[in-house]
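The following paragraphs lead a new reader through one protein model. They begin with the interior, continue to the open surface, and end with individual residues.

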Amino acid sequence: MASIPLLRPYFLPTPIPKTLSPLSLRPRPIFSPLPTPKPQNAAVLTRMSKNPSSSSHPPSTDRLISITAYALPFFNSLQYGRFLFTQYPSLAHLFNPIIPFLSLYRSIPYASFLAFFALYLGLVRNPSFNHYVRFNAMQAVTLDVLLVLPLLLQRIFSPGRAGLGFRVMVWSHNFIFLFAVLCFVYSVGSCVLGRTPYLPFVADAASRQI
């Protein structure tokens, strides 16, 4: 029994140090509560609502109107492909299905000017349409304006039908035609999928006007 007094100090209560308070000895929760989410800024919410990519897919009517808007610069860009059509006749066969629509478009007097103002005043400046339709219409209008500039330069400098100036004109026409066709295919494909196409050299200028 001589070992009992030796074990007795281990069963005595341990005194609380003076530096620790009773509150510090309380058990801490294992899981801390999640932080309360901060409300988003009103400007951020407004920008997200105006951004077409952050919204849901546009309805089919808006997509169809946007596709129709891109037909204006596409029809006006076909005149730049005459050198490629002459050099590669098989390339012209790819555009045979749109010949009836192109003939109807060119049979209307001042069809290009009427379509231009119809897009700009009827869609771009019409607040009844959403941002998706107005942005695509503004891109189509901007691209159509850019397609007019090479013709103005051609009339000013008149490169002729031979020489270096003529070759530069042929190369520029081929490049403009291929660029316009790629923009049309990309824009139509994006509108079919419900996405917003962003054309190079055009999207920034169009977004400033909306």
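A cavity, in the sense used here, is a set of grid points where a 1.4 Å probe fits but cannot get out, and a residue belongs to its lining when one of its atoms lies within 4 Å of such a point. The model to which this term is applied is a predicted one.

Some orientation is useful before the interior is examined. The protein chain contains eleven helices and zero strands. Read from the N terminus, its elements therefore follow the order α-α-α-α-α-α-α-α-α-α-α, where helices are DSSP runs of at least four residues. The chain has 210 residues, of which 28% count as buried.

Within this helical structure there is one cavity of 30 Å³ or more. The volume of the largest cavity is about 30 Å³. Its lining consists of Tyr 70, Pro 73, Phe 74, Leu 143, Ala 180, Cys 183 and Phe 184. Two elements each give two or more residues to this lining, namely helix H4 (71-77) and helix H10 (164-192). The greatest contribution is that of H10, with three residues. In chemical character, the lining of the largest cavity comprises seven nonpolar residues, with no polar and no charged ones.

Two buried residues add to the picture of the interior. Val 141 is a residue of helix H9. Because buried means under 20% relative accessible area, Val 141, at 3%, falls in that class. The C-alpha atom of Val 141 is 7.5 Å from that of Pro 73, although 68 residues separate the two in sequence. Pro 73 has already appeared as one of the residues that line the largest cavity. The second residue, Ser 187, is placed in helix H10. Its relative accessibility is 0%, so Ser 187 counts as buried. Between the C-alpha atoms of Ser 187 and Ala 140 the distance is 9.5 Å, and along the chain these residues are 47 apart.

From the enclosed space, the account turns to an open one. The largest pocket holds about 440 Å³ of space. It is lined by 18 residues, and those closest to its centre are Asn 76, Ser 112, Phe 113, Asp 144 and Val 148. Helix H7 (99-107), H8 and helix H9 (131-157) are the elements that give two or more residues to the pocket lining. H9 gives the most, with seven residues. Whereas the lining of the largest cavity has no polar and no charged residues, that of the largest pocket divides into twelve nonpolar, three polar and three charged.

Phe 113 connects the pocket with another feature of the surface. This residue is located in helix H8 (residues 111-124). Its relative accessible area is 56%, and Phe 113 is therefore exposed. Together with Ile 108, Tyr 110, Leu 114, Phe 117 and Leu 121, Phe 113 forms a nonpolar patch on the surface. The accessible area of these residues taken together is about 710 Å².

Another member of the patch, Tyr 110, also deserves attention for its backbone. Tyr 110 is situated in the loop between H7 and H8. Its phi angle is near 55 degrees, which is a positive value in a residue other than glycine. Tyr 110 has a relative accessibility of 64% and so counts as exposed.

A positive phi is found at Phe 201 as well, where the value is near 65 degrees, again in a residue other than glycine. Phe 201 occupies the loop between H10 and helix H11 (203-208). Since its relative accessibility is 75%, Phe 201 also counts as exposed.

The description may now be drawn together. H10 carries the buried Ser 187 and gives the most residues to the lining of the largest cavity. H9 carries Val 141 and gives the most residues to the lining of the largest pocket. Phe 113, in H8, is both among the residues closest to the centre of that pocket and a member of the nonpolar patch.

Key: Residues numbered from 1 in each chain as written. Predicted model: local features only at pLDDT ≥ 70, side-chain atom pairs only at ≥ 80, totals over all residues. Heavy atoms only, no water. Patch = residues over 30% accessible without salt bridge, like charges linked within 9 Å, V, L, I, M, F, W, Y side chains within 5 Å. Areas by Shrake-Rupley, 256 points an atom, 1.4 Å probe, with all protein chains shown as cover. Salt bridge = Lys/Arg side-chain N within 4 Å of Asp/Glu carboxyl O. Buried < 20%, exposed > 50% of the residue type's maximum accessible area, 1.4 Å probe, protein only. 1 Å grid on protein atoms, 1.4 Å probe; cavity = no way out; pocket = protein on both sides within 12 Å on 5 of 7 lines; lining within 4 Å. Points joined across faces, edges and corners; volume = space filled by probe spheres on them. Nonpolar A, V, L, I, M, F, W, Y, C, P; charged D, E, K, R; others polar.
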